[in-house]
Each structure stands twice: as structure tokens, then as C-alpha cells.
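Biologist: Please take a single part of this model and go through it closely. I would like the pairing partners, the surroundings of individual residues, and how the part sits within the rest of the chain.

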Amino acid sequence: MSHPIGDLMQTTLENIKDMVDVNTVIGEPIPTVNGPTIIPVSRVSFGFLAGGGEYDLNKLPETDTPFAGGGGAGVSVQPVGFLVVGQDGVKVLPAQHLTAWERAVNCAPQLLEDIKALIPQKENAAQEGTQV
């Protein structure tokens with residue numbers, strides 16, 4: 001015969017397993033009319049607690065297993081963002097507002113490309129200097 005605390009823990013863990021699966025973290029892909037597919041991404045955290053105690057058999061002789069126990073669990077699901085998969089590649093759209101610093105870091109590659117396009121190349125500058 002198994003101990004009641006084992007049954008209690010097993011039941012609690014089965015319920016957590018039912019609540020949290022891979023589709024909770026990486027959601028079902030959502031195709032759009034324009035072509036890209038949107039995939040929701042979440043952060044999942046959970047806690048689990050089970051405990052119990054036994055009474056003194058001398059004080060309660062009429063029961064075979066004098067046991068008191070309890071268990072519980074909590075689950076938190078927070079949206080992190082979305083993966084947008086399209087012909088141009090994969091982009092990440094965060095769910096929370098970005099700080100100015102995070103926006104600057106995200107825009108830095110495009111900004112560098114724009115600045116690079118504005119600055120004449122050394123070869124072009126040398127050719128222009130000889131033609132003048």
C-alpha cells in the first residue's frame with residue numbers, strides 16, 4: 001500500500017502537467033492574410049508544494065493510517081512577445097514596451113547601414129578627386 005503523501009503529490013503533479021505544456025510557452029502559429037505567420041511566445045513559471053504529517057498511533061488506535069496532508073500549485077504565464085516569420089526572415093516583436101536603450105540597440109544595425117550609405121567610399125572619393 002502506498003503512502004497517502006505519494007498519492008497527493010502524484011495528483012498535484014498530474015494537474016500541473018495538464019496546465020503547462022509546450023503550447024503554453026510557444027503558442028500555436030497564426031497565419032495572416034498578408035503572408036507572415038505569427039507565433040506567440042510566453043514565459044511560464046510554476047511552484048509546487050506538498051506536505052503532510054502523521055498523528056501518534058497511540059492516540060488514534062482505530063485508524064490504520066492517521067495522516068493529514070495538503071498540496072498546492074501555482075502557475076504564472078506572462079507574454080514575452082511574438083515571432084513573425086515571413087519571406088524576409090524572422091523578427092521578434094516584444095510584448096512589453098521597450099525602454100529607450102532597448103529601442104536604440106534594436107535600431108543600431110539599420111542606423112549604421114544608413115550612415116554607411118551616406119559616407120562616400122574611399123575609392124569613390126579618390127576617383128572624384130582626380131576627375132576635378
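Modeller: A helix here is a DSSP run of H or I with at least four residues, and a strand is a run of E with at least two, both numbered from the N terminus. The model is predicted. By that count the chain has four helices and four strands. From the N terminus, the elements follow the order α-α-β-β-β-β-α-α.

The part I take is the sheet. Its four strands form an open sheet in the order β1-β2-β3-β4, with antiparallel pairing. β1 and β4 (89-94) are the edge strands, each pairing on one side only. In general, strands of a sheet pair through backbone hydrogen bonds, in either a parallel or an antiparallel sense.

Start at the edge with β1. This strand covers residues 30-31, β2 covers 37-54, and the loop between them holds proline 36. The two strands pair in the antiparallel sense over two bridges. Proline 31 has threonine 37 in β2 as its bridge partner. Five residues lie between the strands of this hairpin, and glycine 35 takes a positive phi near 125° there.

Threonine 37 also faces the other way across the sheet: its bridge partner in β3 is valine 85. β3 spans residues 67-86 and pairs with β2 in the antiparallel sense over 18 bridges. Further along this pairing, valine 44 stands opposite valine 77 of β3.

Proline 36 deserves a closer look. Its contacts, leaving aside neighbours within four places in sequence, are Ile30, Pro31, Val84, Val85 and Gly86. Is proline 36 buried, exposed or partly exposed? It is partly exposed, because its relative accessible area is 27%, and that class lies between under 20% for buried and over 50% for exposed. Proline 36 and aspartate 88 are 52 residues apart in sequence, yet their C-alpha atoms are 9.2 Å apart in space.

Serine 42 is further along β2. With a relative accessible area of 16%, serine 42 is buried, because the cut-off is under 20%. Residues up to four places away in sequence are not counted in its contacts, which are Thr24, Val25, Val77, Gln78, Pro79 and Val80. As a general point, side chains in a regular strand alternate between the two faces of the sheet.

For contrast, consider a position outside the sheet. Leucine 111 is in helix α3, residues 100-118. This leucine counts as exposed, because its relative accessibility is 51% and the cut-off is over 50%. Together with Ile115, Leu118 and Ile119, Leu111 forms a nonpolar surface patch with about 420 Å² of accessible area.

Last, the chain as a whole. Of its 132 residues, 8% count as buried, and serine 42 is buried as well. The accessible surface comes to about 10,700 Å², with 59% of it belonging to carbon and sulfur atoms. Of the contacts between residues at least 6 apart in sequence, 50% join residues at least 24 apart.

How values were computed
Residues numbered from 1 in each chain as written. Predicted model: local features only at pLDDT ≥ 70, side-chain atom pairs only at ≥ 80, totals over all residues. Heavy atoms only, no water. Buried < 20%, exposed > 50% of the residue type's maximum accessible area, 1.4 Å probe, protein only. Contact = heavy atoms within 4.5 Å. Pairing = 2+ DSSP bridges. Patch = residues over 30% accessible without salt bridge, like charges linked within 9 Å, V, L, I, M, F, W, Y side chains within 5 Å. Areas by Shrake-Rupley, 256 points an atom, 1.4 Å probe, with all protein chains shown as cover. Salt bridge = Lys/Arg side-chain N within 4 Å of Asp/Glu carboxyl O.
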